[in-house]
Amino acid sequence: MAGGGDELKLLGMWASPYVLRVKLALSLKGLSYDYVEEDLMNKSDLLLSSNPVNKKVPVLIHNGKPICESQIILQYLDEAFPGAGATLLPADPHERAVARFWAAFNDDTLLAASQAASWGKTEEERAEGEKKVVEALERMEVGLRECSKGKPFFGGDTVGYLDVVLGGFLAWVRATDVMRGVKRFDPATTPLLAAWAERFVELDAAKAVMPDMDKMIEFGKVLQARAAATN
């Protein structure tokens, strides 16, 4: 229960960075909820009926009404629970638009490049993906500088919308760093992002919902083996 008669239920999968986004937002807002772990190989009737278009997690169900897609859910939580915990989106319309721009850049450009770098079918595809990741991170470093205005987080002194959007991927970033022996947020090339990531994972709200690192690494190895077998 979220309090005040509101009922919240989250349909998710433990390793999904998109689901982690929603868990982070709920944690930052101090909202309680029921969590339903989905088997994505055998999706529940509740998931299929709640998200009949994409049939994907996360789905947040608020008083029986489903909300789909992680970024939309974050914005919904801000609007539906304005007095609860942290406000994610800035009040200023321009700052709000800038935060949404960089969030879209993260999903449309950085994420796509990261997937190609990790799961590309050929060595050439993975190398090209890695090149694009480096370029995208350099741009995101500029985004952090622009949004934070020299403060600790994208949201300024406190965690905001873009912190949660990017923060949802930190569990996978840390796991793949260990698996590949690299530092994705390199202090030498992206010092602001590297420092931000260290601060973010130390937040109590983040610690409360971050998946176990060993479990993430083991799952990553399983995905690697599947990708290798497919290729």
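1. The lining of the largest pocket draws at least three residues from each of domain 1 (6-79) and domain 2 (91-227), and this seems the right place to begin a note on what is a predicted model. The volume of this pocket is about 1,400 Å³. Its lining comprises 42 residues, of which Pro 17, Tyr 18, Leu 111, Gln 115 and Trp 172 are the closest to the pocket centre.

2. As for secondary structure, the elements that contribute two or more residues to the lining of the largest pocket are α1, α3 (70-80), α4 (93-119), α7 and α10 (213-230). Among these, α4 gives the most, with 8 residues. By class, the lining of the largest pocket divides into 20 nonpolar, 10 polar and 12 charged residues, a composition to keep in mind when reading the point on the cavity below.

3. The domains themselves deserve a separate comment. The domain assignment of the protein chain gives domain 1 (6-79) and domain 2 (91-227), and their centres, taken over C-alpha atoms, are separated by 21 Å. To the contact between them, domain 1 brings 15 residues and domain 2 brings 25 residues. The two domains bury about 1,800 Å² between them, with 70% of that area on carbon and sulfur atoms. On the side of domain 1, Trp 14, Arg 21 and Leu 24 supply 33% of the area buried against domain 2, which is more than any other three residues supply.

4. The record should be set beside this assignment. UniProt, in an unreviewed entry, places the feature "domain: GST N-terminal" at residues 6-85, and in the model that span is 38% helix and 21% strand, with its end C-alpha atoms 15 Å apart. The annotation "domain: GST C-terminal", likewise from an unreviewed UniProt entry, covers residues 92-223. Over residues 92-223 the chain is 73% helix and 0% strand, and the end C-alpha atoms lie 42 Å apart.

5. The structure holds 1 cavity of 30 Å³ or more, and about 40 Å³ of space lies in the largest cavity. Its lining is made up of Trp 14, Ala 15, Ser 16, Pro 17, Leu 20, Gly 168, Ala 171, Trp 172, Pro 211 and Met 216, with α1 (17-29) and α7 (170-180) being the elements that give two or more residues. Because domain 1 (6-79) and domain 2 (91-227) both give residues to this lining, the largest cavity lies between them. Of the lining residues, 8 are nonpolar and 2 polar, and no charged residue is included.

6. Some residues recur across these points. Trp 14, which lines the largest cavity, is also one of the three residues named for the area that domain 1 buries against domain 2. Pro 17 and Trp 172 likewise belong to the cavity lining, and both are listed among the residues closest to the centre of the largest pocket.

7. Finally, the second largest pocket contains about 390 Å³ of space. It is lined by 23 residues, and those closest to its centre are Pro 90, Glu 95, Cys 147, Phe 154 and Gly 155. The elements giving two or more residues to this lining are α4, α5 (123-148) and α6 (161-167), and the largest share, 4 residues, comes from α4. The lining of the second largest pocket divides by class into 10 nonpolar, 7 polar and 6 charged residues.

Terms used: Residues numbered from 1 in each chain as written. Predicted model: local features only at pLDDT ≥ 70, side-chain atom pairs only at ≥ 80, totals over all residues. Heavy atoms only, no water. 1 Å grid on protein atoms, 1.4 Å probe; cavity = no way out; pocket = protein on both sides within 12 Å on 5 of 7 lines; lining within 4 Å. Points joined across faces, edges and corners; volume = space filled by probe spheres on them. Nonpolar A, V, L, I, M, F, W, Y, C, P; charged D, E, K, R; others polar. Domains from an automatic or database assignment. UniProt positions renumbered as here; feature names shortened; annotations may be inferred. Contact = heavy atoms within 4.5 Å. Buried area = accessible area lost by both parts, 1.4 Å probe.
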